[in-house]
Amino acid sequence: MPTAIGQELVALLPRLRRFALVLCRSPSLADDLVQGACERALANPDSWTPGTRFDAWMFRILRNHWIDHLRRTKAEGMAEDITTHTQLIGDPGEGPILSRLVLSEVQRAIDSLPLDQREVLVLVCGEDLTYREAADILHVPIGTVMSRLARARRRLVELTAAA
């Protein structure tokens, strides 16, 4: 069974890392979270039911691992400064600079959202999960997912339109 999920797990790594980055905002911690989630999945492959969405199962493991991490390190602060990331692929000129400005603005707006809204936004809009799948991962009713997503979208519009 581990071999069967191994290939799916490798293919899912970029999406898991993106979700981990949204949760923790630290590339190094995101890598640790993804590694920990993969270890948990490989140690318990029988907890995944074939025929169900593998990515939703992994997102749930990753989120639970994140919650466990928060509980262990409650006193630690976690912050990642987006301005320190100067690597941007593109041709020199106005386009990359404007793209960076827009990206920074959107990133700041997303970062300012409460965690519960950021999680829903990434799972539904970024990872293309259904409301039901996001609700299962977050252990909340589907209506809560819908209301959090609506508040997140409304707040993003307010924040990016005001800038």
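1. Is Arg17 buried, partly exposed or exposed? In this predicted model, Arg17 counts as partly exposed, at 30% relative accessibility. Its salt-bridge partner is Asp31, and the closest N and O atoms of the two are 2.4 Å apart. Because Arg17 belongs to helix α1 and Asp31 to helix α2, the pair ties together parts that are 14 residues apart in sequence. Asp31 is likewise classed as partly exposed, at 36% relative accessibility.

2. The overall architecture is helical. The chain holds seven helices and zero strands, and the order from the N terminus is α-α-α-α-α-α-α. Of its 163 residues, 37% count as buried. When contacts between residues at least 6 apart in sequence are considered, 66% of them join residues at least 24 apart. The accessible surface of the chain is about 9,500 Å², and carbon and sulfur atoms account for 57% of that area.

3. Salt bridges number 13 in the whole structure. One of them joins Arg15 to Glu127, with the closest N and O atoms 2.5 Å apart. This pair links distant parts of the chain, since Arg15 sits in helix α1 and Glu127 in the loop between α5 (115–126) and α6, 112 residues apart. The two partners differ in burial: Arg15 is partly exposed, with a relative accessible area of 22%, whereas Glu127 is buried at 3% relative accessibility. Both residues also take part in a network of salt bridges that links Arg15, Arg18, Arg53, Asp55, Glu127 and Glu133.

4. Glu133, a member of that network, is also among the buried residues of helix α6 (residues 131–138). The others are Ala134, Ala135, Ile137 and Leu138. Just after α6 comes His139, whose phi is positive at about 60 degrees, although His139 is not a glycine. Most residues other than glycine have a negative phi. His139 lies in the loop between α6 and α7 (142–162) and counts as exposed, at 54% relative accessibility.

5. Arg25 is another residue other than glycine with a positive phi, near 65 degrees. Its location is the loop between α1 (2–24) and α2 (27–43). Arg25 forms a salt bridge with Asp111, the closest N and O atoms being 3.8 Å apart. Here too the pair links distant parts of the chain: Arg25 in its loop and Asp111 in helix α4 are 86 residues apart. Arg25 is partly exposed, with a relative accessible area of 27%, and Asp111 is partly exposed as well, at 25%.

6. Which residues does Arg148 contact, leaving aside its neighbours within four places in sequence? They are Asp116, Gln117, Val120 and Val140. With Asp116, the side chain of Arg148 makes a polar contact of 3.5 Å. Arg148 is part of helix α7 and counts as buried, at 15% relative accessibility.

7. On the surface, Ile97, Leu98 and Leu101 make a nonpolar patch of about 300 Å². Leu98 lies in helix α4 (residues 94–112) and is partly exposed, at 45% relative accessibility.

8. The count of disulfides is zero. A disulfide is a covalent bond between the sulfur atoms of two cysteines. As for individual cysteines, Cys38 is buried, with a relative accessible area of 11%, while Cys125 is partly exposed, with 41%.

Methods
Residues are numbered from 1 along each chain as its sequence is written. This is a predicted model: local features need pLDDT of at least 70, side-chain atom pairs count only at pLDDT 80 or more; totals for chains, interfaces and linings use all residues. Side-chain values use heavy atoms; hydrogens and water are left out. Buried means under 20% relative accessible area, exposed over 50%, partly exposed in between (1.4 Å probe, protein chains only). Helices (H or I, at least four residues) and strands (E, at least two) are DSSP runs, numbered from the N terminus. Contact means heavy atoms within 4.5 Å. Accessible areas come from the Shrake-Rupley method with a 1.4 Å probe; for residues, only the protein chains shown count as cover. Patches are made of residues with over 30% relative accessible area and no salt bridge: like charges are joined within 9 Å, nonpolar side chains (Val, Leu, Ile, Met, Phe, Trp, Tyr) within 5 Å. A salt bridge is a side-chain nitrogen of Lys or Arg within 4 Å of a carboxyl oxygen of Asp or Glu. A disulfide is a pair of cysteine sulfur atoms within 2.5 Å. A polar contact is a pair of N or O atoms within 3.5 Å; within protein, one must be able to donate a hydrogen and the other to accept it, and residues adjacent in sequence count only if both atoms are side-chain atoms.
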